[in-house]
Amino acid sequence: MDPSASPLTQQARPESFQPKVVQLYEALFKVRRPLLAQERKSDDVDPDADKPDGFWTELFLLKPDRLSLQRILARLGPDDLISLQLQTQQLFFRAVECLKKGNGVTDLHALETLTTFFSAALPKKYTNPSSDIIAVLAGLDQVDAVFTDFVGALDGIIRNGKSMEVRQKAVEVVLSITSGAYQTSLLTYFIQRDLFPAIMKFIQESDSPHRALEPFTLLGLLANYNKFEFQNPYQLRLNDFVNEATIQKIVRCVGHTSRSLRGQYVDIIQDLPEGWTIANTLSMIGLGSIAPGPKSNQKPTYDPEEAKQMFAKLPGEHAAVLLGTYDFSHANKLFCFNLVSLPAEKGEEQPISSFLSLTSYLLQHSFLSTRATNYAHLSLMVFRLLIEDQLLCKRICSEESKVAVRLCRQRQPFLPAVRGDRILATTVLDTMIDGINHNLRRRLDVSLYTLCVGIMLRIISYLSRSRTRLQYHWSELFRSLLSLIRFLTTYAADLKGLSHFDSLLDLVVNLLALSLSAGEAFLPTPAAYDDLFYKVVESGEVLTKFRDTYALSSRPSNSIGTLVSVSAHYKTMLESGGSKRNLTSTEVAEVIKQGYETLSIQAKEGLDGWERYREADERTLLKKMARATVTDVHIMVQA
């Protein structure tokens with residue numbers, strides 16, 4: 001029999017298999033050219049008509065293919081989605097029905113589908129974001145009813161969902177719509193329906209620090225939504241929250257995330273100072289292959305330009321957690337206390353150690369991007385809030401705060417490496433010095449420098465008032481401040497016009513003047529006090545030029561006269577010593593000791609005073625940070 005005559009002919013196999021769920025996506029989001037009246041046949045099925053119940057049942061029973069859905073939605077522009085609004089509205093309505101019923105796996109699949117849909121569709125550049133997104137999701141007539149049901153269903157799932165996985169997926173849905181529609185009116189539905197109790201219950205019942213990351217990040221976004229325009233209820237909730245067990249879980253989440261973010265920097269350059277070993281010495285002279293002991297896993301070495309490009313992409317998107325950390329620190333003293341004092345879990349770092357460590361890495365690389373700079377600001381603002389609480393400052397400056405902190409050593413100049421546990425105030429001061437040393441630019445970040453020097457002032461003010469002598473390499477701090485003055489003097493033409501620059505000048509001058517007038521109260525030894533005077537005398541010409549360049553004498557808000565008069569006093573003594581001009585450093589030090597008897601330091605009143613933090617002063621920065629966090633959250637939910 002002729003095979004070609006057989007009714008059982010073999011069909012050609014498709015080039016690639018397309019999963020059923022992807023076929024459903026394609027059918028749902030297919031953009032069609034509208035048919036003209038003469039082209040339409042009487043038996044044509046309207047492609048925009050409601051899909052049958054079976055379509056939706058099948059869609060939510062099948063496991064979502066999130067990458068394929070992202071790819072399909074990425075092809076569509078905002079106008080395409082508006083033209084498909086009947087389909088997109090059906091998708092949203094049906095998904096909300098699945099969430100309300102909570103049957104089988106359909107609620108889990110509906111949550112994953114919505115997260116993918118929101119993260120792909122909402123950030124598109126609509127002409128009228130609020131009204132266009134409402135049209136795509138529900139339509140103006142239905143939006144109130146549908147969104148009330150939607151937010152209510154999410155609240156119930158986050159609070160009492162049938163598993164932690166389903167509850168986490170519900171948090172991701174809120175994150176996706178919050179990050180995608182942050183500049184629209186849609187978020188008012190999440191303000192009207194208070195999700196705070198549900199989010200905190202989820203965090204309280206979370207089984208790992210990583211599990212708490214997304215809900216706490218969500219809390220940070222919701223608490224910042226238009227908070228300068230109206231009284232945000234999430235801000236009030238943060239202020240009143242007293243469940244210490246939940247606060248401690250959040251603090252551990254902040255510590256865990258900070259450690260993970262720091263690891264991304266360390267993966268580029270391993271900067272841990274190593275002790276002397278035979279293996280290290282052999283490696284230095286090219287004989288590492290014969291070194292005894294197990295071979296360590298060597299990380300790849302990058303050339304400086306490649307490393308710089310990699311650093312510029314950091315911190316990772318999980319840095320979004322810092323916005324919530326700031327808000328909780330600003331609103332809640334119990335959170336601040338636990339952030340400073342919560343002990344480490346077995347085999348882990350203390351959370352405050354990880355957080356300060358990340359801050360030091362952010363500061364050394366903040367000049368590489370505006371985003372990194374903003375996150376560095378946010379971390380510094382947390383430390384300013386902690387230091388301004390006098391009870392916490394007392395703890396930070398005392399023996400009970402001793403902790404080991406890994407500080408960044410990826411860029412020179414390096415501060416002295418100190419091993420083991422240290423009083424927390426000393427590592428905070430080290431971090432501020434690094435911030436000053438590594439961000440000197442002609443377009444100086446005045447706000448960042450004001451924060452660093454201001455935190456130093458607050459610590460030294462507490463130490464001098466309480467007469468707490470702190471063992472510390474003070475010479476590095478004073479050298480850094482005087483180098484900053486030298487830089488400000490050299491590049492005055494570029495710096496004079498910068499916003500709030502005069503406040504920074506006053507801070508630097510007054511911190512040095514306070515150290516001169518009250519150094520005996522907090523410097524650990526007479527030698528440390530002598531060294532400060534030596535450095536001021538050595539910088540006499542620079543200080544005079546600095547005073548004249550910025551006309552500081554005409555401003556009563558600083559104590560430049562104290563610095564210049566101390567320098568002039570010793571200059572007179574040194575010149576009256578006879579013909580010998582080139583004195584050794586030891587001889588100069590001896591003259592300084594003798595000069596105390598005739599020295600009268602005329603310091604301004606209130607050098608140890610400072611203004612308390614006011615959030616309204618940082619309004620512009622915090623709005624920038626909310627937008628940066630939105631971008632990072634968008635990346636988080638797409639991952």
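This is a short dialogue on how some labels in a predicted model are justified.

Student: How many disulfides does the whole structure hold?

Tutor: A search of the whole structure finds zero.

Student: Why is C393 not counted as bonded to C397?

Tutor: A disulfide needs two cysteine sulfur atoms within 2.5 Å. The closest cysteine sulfur to that of C393 is in C397, 4.2 Å away. That is too far, so no bond is assigned.

Student: What makes C393 buried or exposed?

Tutor: Buried means under 20% relative accessible area. C393 has 0%, so C393 is buried.

Student: And what about C408, buried or exposed?

Tutor: C408 has a relative accessible area of 3%, so C408 is buried.

Student: Where is L451 found?

Tutor: L451 lies in helix α23, which covers residues 446–466.

Student: Why is L451 called buried?

Tutor: Its relative accessible area is 6%. The cut-off is under 20%, so the label holds.

Student: Which residues does L451 touch, leaving out those up to four places away in sequence?

Tutor: L451 touches H377, L380, M381 and R384. Contact here means heavy atoms within 4.5 Å. L451 and R384 are 67 residues apart along the chain, yet their C-alpha atoms are separated by 7.5 Å.

Student: What is the phi of R467, and where is R467 found?

Tutor: The phi of R467 is positive, about 55°, although R467 is not a glycine. R467 is found in the loop between α23 and α24. Most residues other than glycine have a negative phi, so a positive value is worth noting.

Student: Why is R467 called exposed?

Tutor: Exposed means over 50%. R467 has a relative accessible area of 56%, so R467 is exposed.

Student: A551 also has a positive phi. Why is A551 called partly exposed?

Tutor: Partly exposed lies between the 20% and 50% cut-offs. A551 has 41%, so that label fits. The phi of A551 is about 50°, and A551 is not a glycine. A551 is in the loop between α28 (540–549) and α29 (560–575).

Student: How do you know that the peptide bond from L314 to P315 is cis?

Tutor: Its omega is near 0°. P315 is in the loop between α16 (304–312) and α17 (321–331).

Student: What is omega for the cis peptide bond joining Q412 and P413?

Tutor: Omega is about 5° there. P413 is in the loop between α21 (390–396) and α22 (424–437). Most peptide bonds are trans.

Methods:
Residues numbered from 1 in each chain as written. Predicted model: local features only at pLDDT ≥ 70, side-chain atom pairs only at ≥ 80, totals over all residues. Heavy atoms only, no water. Buried < 20%, exposed > 50% of the residue type's maximum accessible area, 1.4 Å probe, protein only. Helix = DSSP H or I, 4+ residues; strand = E, 2+ residues; numbered from the N terminus.
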